[in-house]
Structure formats: structure tokens, C-alpha cells
Protein chains: 2
Amino acid sequence: MKRLEDKIREEGQALSEHVLKVDAFLNHQVDPVLMQDIGKAFAERFADLDIDRIVTLESSGIAPAMMTALEMNVPFVFARKRKSLTLQDDLVEADVYSFTKQETNRISLSRRFVKPGERILVIDDFLANGEAALGLTELVESAGATVAGIGIVIEKSFQPGREKLLARGYRVESLARISKLEAGHISFVEAVR
Amino acid sequence: MKRLEDKIREEGQALSEHVLKVDAFLNHQVDPVLMQDIGKAFAERFADLDIDRIVTLESSGIAPAMMTALEMNVPFVFARKRKSLTLQDDLVEADVYSFTKQETNRISLSRRFVKPGERILVIDDFLANGEAALGLTELVESAGATVAGIGIVIEKSFQPGREKLLARGYRVESLARISKLEAGHISFVEAVR
């Protein structure tokens, strides 16, 4: 997605070989028009899949999931990293290790909103080691639903997440694929489309 | 906002005199079309304020802030409850006690995205005791910006949050105002408009 790549080039910051800071438009401040375009791009790429519902993970997955859900006219659910007093019943759970935050979060989703037999689109902001995406697929499958596709805003293609997901047979669509980060420089996987 | 009140009546659950569960459409599963209407309603109510930016709090504020930002054509920023490796520089911070989660969170916002002199609209999903909204106003003002208005999706009008905000001179617009919760029954403040 050219507009997203341009935005990453202009406003993203490669802090090291592994860390890309995109808090100017994706995971702290959000550019709503870019996010609308991201929703349209996911809706287009997954238009053939007959999706019932979208599942994402709080917090940075919420904005892209919101816009994709609006474009596809389906509800979305955001998995929680911590339980609240009002979210306790009938949960499916999975453990997700975050390399960025250096901690394991137990993520959860209510079975009331992901039902057996449904076709689910998983959306997340980043794909690196695949921990969050795999945790989300585990939640969806524990609830008896099927992961029809996985949509990623920014993929760090030099890390193993994509390969892990493909090896398990998931369809993965990433809107921007980064081949290399060097302090001050960001390279992209050459777009096939 | 009638459509929101209807949705609360149909899908909200009063668990006790203080706890309203709205995870079917607001803070776990999200109804994207309702959220679009919520964004339009906020944009209309605050149209006169010449807003530069929207500030909300992760996670449940993100969807309504996203749709309001899109309607108003301004960026939004979500304050973080925990710091990540890529969000450490030049923060403003405030402490917020959550009665629902029974814990204090230190919330933070980067000064890079809320600038001195800007006019900020604060958006949040719930207003009860006012802790979260007051924490957000503290962040905005610490950054040297002005809180031009506060938009709340659901206000529990029998709790003191609204009065606290009005006493400090803030303009508060709540799309649904609940006057009373009883197990199994939800009453609304009579709408003036």
C-alpha cells in the first residue's frame, strides 16, 4: 500500500535494526484518513472471504480493526490484555509474549462474541515474531471459529512471524512489508502488486 | 442520542446499581456503524470549537475517538496506560484510579503530539467518577494545550464525574446519560434536545 509506505518513510523512525517507531500515525497518535485507507485496503484484499467478524488485540489494533469492520460491515472484537470487573464470563485465553514490552500478557476474548463455525479476520498493527497474531488465532480457534485470514498493517519481514503464520496455513496480507531497518533508514520488500 | 440509548436498552446489562456492561457494542465487541454515528454526533456537538486534535485513553476510547477524528478531520492521540520501549521520550503523565479495575494507572502522552496553545477535544467511553477524564485534562494542560471540550459516550449521571468536570469549567457533552441502574433495568436522564 503505497500511501502507507510513504507515511512510514516520512514519519516512521528506525531506532535500531529491530525497532520501528510509528507513534506519529499508528500507535500513539493516529492519522484517521490514513486509517480509513487502511480499512479500505483490508476490505478489498479480503473481499472474497465472506468474513463474519473481525478480531484484534488492544490497543493498537483497534483503530485499523475499526475501519476495516466499518468497510466490511461486520462487528469487531478486541481481545483484552487484562480482565476488567465486567469482562469475566466464559472466556477463551492465550499467552502472548511481547518483545517490545518484555512481558507475557494473558489475552482473552468472550465466547459470546466469537461463535463456533464463524469465519474470522484477524487484524493487527504489527507482525514481527508472530506472538500476538498466533495468540489471536489460538483464541479464535479455542472458540470453535475459523481464522479465514490475517491482516497486518506493518510487517517486519526480516523477523519470523510471517513464515510461522504461513507454515500453519494461514493467509496473511500485510499492507507494508519492511525488509530491513538500519538506524535512520527503512527498506521495503519490493511490492508484487 | 437516541440510537445509542436504544442500543444500551437492548444490549446493555445493568449488573448492579453501579455496573453497566456494554461489551456487546462498546468496550469488547464494537458495532462499527453505531460508532460512526457516535463520531458524527460528537463532530456536530463540538463543531463550533475549532478543535486541533483529539485526546483519548486506551483502550475503549480509541474507537469513538477514531470516528470523531475522521468526522472532524483532525488527528487523535491515545494516552497510554503503560510505557512501551518505543514511547519514552518527553512525556506528560498523570495518575488515574480505576474503580472498575481497582488499580491506579499512570497514564502518559508524548509532548510531540499535543502542543502548547492547541485546542483539544477529550473523548472517553464512560464518565462515572471523572478520574479518567480529569487525568486526560491534566495531561493536556501539562502539555500547555487547552481542553476545549469533553465528549463522553455514556455518562453515569448519578455518579459525581460530570459535576466535577463542570465545576472546573469544562464543557461536557455526553451522548447517553444514565440516571439510574438497577439489576435488570436502566433509566436515562430525560433528554433536553
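# Report on the contact and salt bridges of chains A and B

D90(B) is partly exposed, with a relative accessible area of 48% (partly exposed lies between buried, under 20% relative accessible area, and exposed, over 50%, with a 1.4 Å probe and protein chains only). The structure is a predicted model, in which local features need pLDDT of at least 70 and side-chain atom pairs count only at pLDDT 80 or more, while totals for chains, interfaces and linings use all residues. Residues are numbered from 1 along each chain as its sequence is written, chains are lettered from A and ligands numbered from 1 in the order in which they are written, and side-chain values use heavy atoms, with hydrogens and water left out.

## Salt bridges within the chains

The partner of D90(B) is R111(B): the two form a salt bridge whose closest N and O atoms are 3.5 Å apart (a salt bridge is a side-chain nitrogen of Lys or Arg within 4 Å of a carboxyl oxygen of Asp or Glu). This pair links distant parts of the chain, since R111(B) lies in the loop between β7 and β8 (119-127) of chain B and D90(B) in the loop between β5 and β6 (91-98) of chain B, 21 residues apart. Strands such as these (E, at least two residues) and helices (H or I, at least four) are DSSP runs numbered from the N terminus. R111(B) is also partly exposed, at 36% relative accessibility.

In chain A, the side chains of R53(A) and E118(A) meet in a salt bridge of 2.7 Å, N to O. Here too distant parts of the chain are linked: R53(A) belongs to strand β4 (residues 53-57) of chain A, and E118(A) to the loop between β7 (103-110) and β8 (119-127) of chain A, 65 residues apart. R53(A) is buried, with a relative accessible area of 9%, and E118(A) is buried at 11%.

A further salt bridge joins R9(B) and D6(B). Both residues lie in helix α1 (residues 2-11) of chain B, 3 residues apart, about one turn of the helix. R9(B) is partly exposed at 47%, and D6(B) is partly exposed at 22%. Over all chains, a search of the whole structure finds 39 salt bridges. The table lists some of them.

| Residue pair | Closest N to O distance |
|---|---|
| R112(B) and D23(A) | 2.5 Å |
| R53(A) and E118(A) | 2.7 Å |
| R9(B) and D6(B) | 3.4 Å |
| R111(B) and D90(B) | 3.5 Å |

## The interface of chain B and chain A

The contact takes 51 residues from chain B and 51 residues from chain A (contact means heavy atoms within 4.5 Å). The two chains bury about 4100 Å² between them, 58% of it on carbon and sulfur atoms; buried area is the accessible area (1.4 Å probe) that two parts lose on being put together, summed over both.

Strand β3 (residues 29-30) of chain A pairs with β5(B) in the antiparallel sense over 2 bridges (two strands pair if DSSP finds at least two bridges between them). Within β5(B), V77(B) is the bridge partner of Q29(A).

Across this interface the rule finds 2 salt bridges. The side chains of R112(B) and D23(A) meet in a salt bridge. On the side of chain B that touches chain A, the elements giving two or more residues are β3 (29-30), α2 (32-45), α3 (62-72), β5 (76-79) and β7 (103-110) of chain B. The largest share of that side, 6 residues, comes from α3(B).
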